[in-house]
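Dear colleague,

Please find below the structure that I am handing over to you. My findings are set out after it.

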Amino acid sequence: MLRMRPFEVVRPTTVEAAVAALIQHGPGAVPIAGGTDLLPNLKHELLGPSHLVALGGIPELFGISRGADGGLRIGAMTPLDEIAASELVRGEAAVLAQAAGLVAGPQLRRMGTLGGNVMLDTRCQWYNQTYFWRSALGFCMKKDGTVCHVVKGGSKCVAAASNDSAPALTVLGAELEFAGPAGSRRVPIQELWRADGIHNKKVESGEILVAAHLPPQPKGRRSAYGKLRERGSIDYPLFGVAVRFDLDPRGAFSDVQGAVVALAARPLELKGLAELFAGLSPEHPDFEAAVEAAGQAAYKQCHPLANIPGDAAYRRRMVPVYVKRTLRAAARGQGPVHHV
């Protein structure tokens with residue numbers, strides 16, 4: 001049986017009190033949302049906090065509402081299954097509803113939150129193991145060691161961002177609202193990340209994620225999420241891709257954006273999609289040629305490493321497969337693409 005080291009739980013009822021608790025208890029304090037990722041990490045002795053600051057008693061962090069600008073505000077503690085089932089999210093931000101609905105399994109989605117998924121620690125098959133397993137192999141630079149088991153001789157941790165919500169929020173142009181000792185701030189999600197598997201988020205000490213803000217979505221926007229995983233019911237992504245099409249009044253594509261996850265320490269944006277699909281439509285005779293070209297472009301841009309379970313060469317072969325399937329699904333307003 002894996003046991004956790006002793007810790008105390010602090011239960012604030014306001015954002016300000018949560019920030020104060022994190023500051024008071026310093027580096028030994030860790031915020032906990034649904035706990036679906038944090039608690040296994042505690043059992044694996046990847047963390048050893050003295051205090052957990054539980055965010056479940058803060059009403060401000062829950063719920064899906066209309067923002068002042070006409071967009072959507074989604075509280076950081078909103079459960080993933082609520083987001084997946086929300087008619088508001090499904091109607092205006094389909095890619096986010098689909099991504100939320102493909103995180104883990106039903107029980108974990110009821111506990112897991114949007115904020116917890118956005119703030120998910122990077123993962124690596126050499127890191128997310130028990131203490132006994134890691135000590136037998138030799139610790140890595142992300143925890144207790146100095147070497148990288150993925151890249152021999154590597155000087156930087158390449159643990160992978162594996163949060164399904166991140167590419168979806170990226171293509172939707174989301175901003176993240178944080179509260180901390182210096183007050184509140186909003187940051188475009190693209191500016192959150194670092195290419196560092198140990199500390200891949202630009203977050204200050206004592207800050208917590210309050211909400212994700214989606215700008216008003218233009219009419220004619222279509223989007224979809226595709227996820228490769230070992231089992232169709234529960235796993236982290238071996239590769240995830242979010243795609244968004246904007247259509248002009250004539251029904252032609254005016255903009256296309258894609259983002260991928262589970263490759264590197266940060267989600268990556270796919271380059272060149274807008275140029276490939278410019279002026280086309282789902283019914284255009286050149287649409288399929290553009291899809292094929294986009295798949296090949298993604299293959300050149302995406303280079304899976306042996307940082308997460310699953311054969312890296314196979315994962316790379318699946319990149320164009322899932323990019324093409326997801327582009328077709330998004331353009332035609334269809335559902336998510338995933339392993340069944």
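The notes that follow cover the overall form and then two backbone positions.

This is a predicted model, in which local features need pLDDT of at least 70 and side-chain atom pairs count only at pLDDT 80 or more, while totals for chains, interfaces and linings use all residues. Residues are numbered from 1 along each chain as its sequence is written, and side-chain values use heavy atoms, with hydrogens and water left out.

The protein has 12 helices and 13 strands; these are DSSP runs (helices H or I, at least four residues; strands E, at least two), numbered from the N terminus. Its radius of gyration, taken over C-alpha atoms, is 20 Å, which agrees with the value near 20 Å for a compact globule of 340 residues; the globule rule is 2.2 Å times the number of residues to the power 0.38. The C-alpha atoms fill a box of roughly 65 × 50 × 35 Å along the principal axes. Buried residues make up 50% of the 340, where buried means under 20% relative accessible area, exposed over 50%, and partly exposed in between (1.4 Å probe, protein chains only).

Two residues other than glycine have a positive phi. Most residues other than glycine have a negative phi. Glutamate 45, with phi near 60 degrees, lies in the loop between α2 (38-43) and β3 (51-54) and counts as partly exposed because its relative accessibility is 26%. Alanine 262, with phi near 80 degrees, is placed in the loop between β11 (253-261) and β12 (268-270); alanine 262 counts as buried, at 1% relative accessibility.

With kind regards
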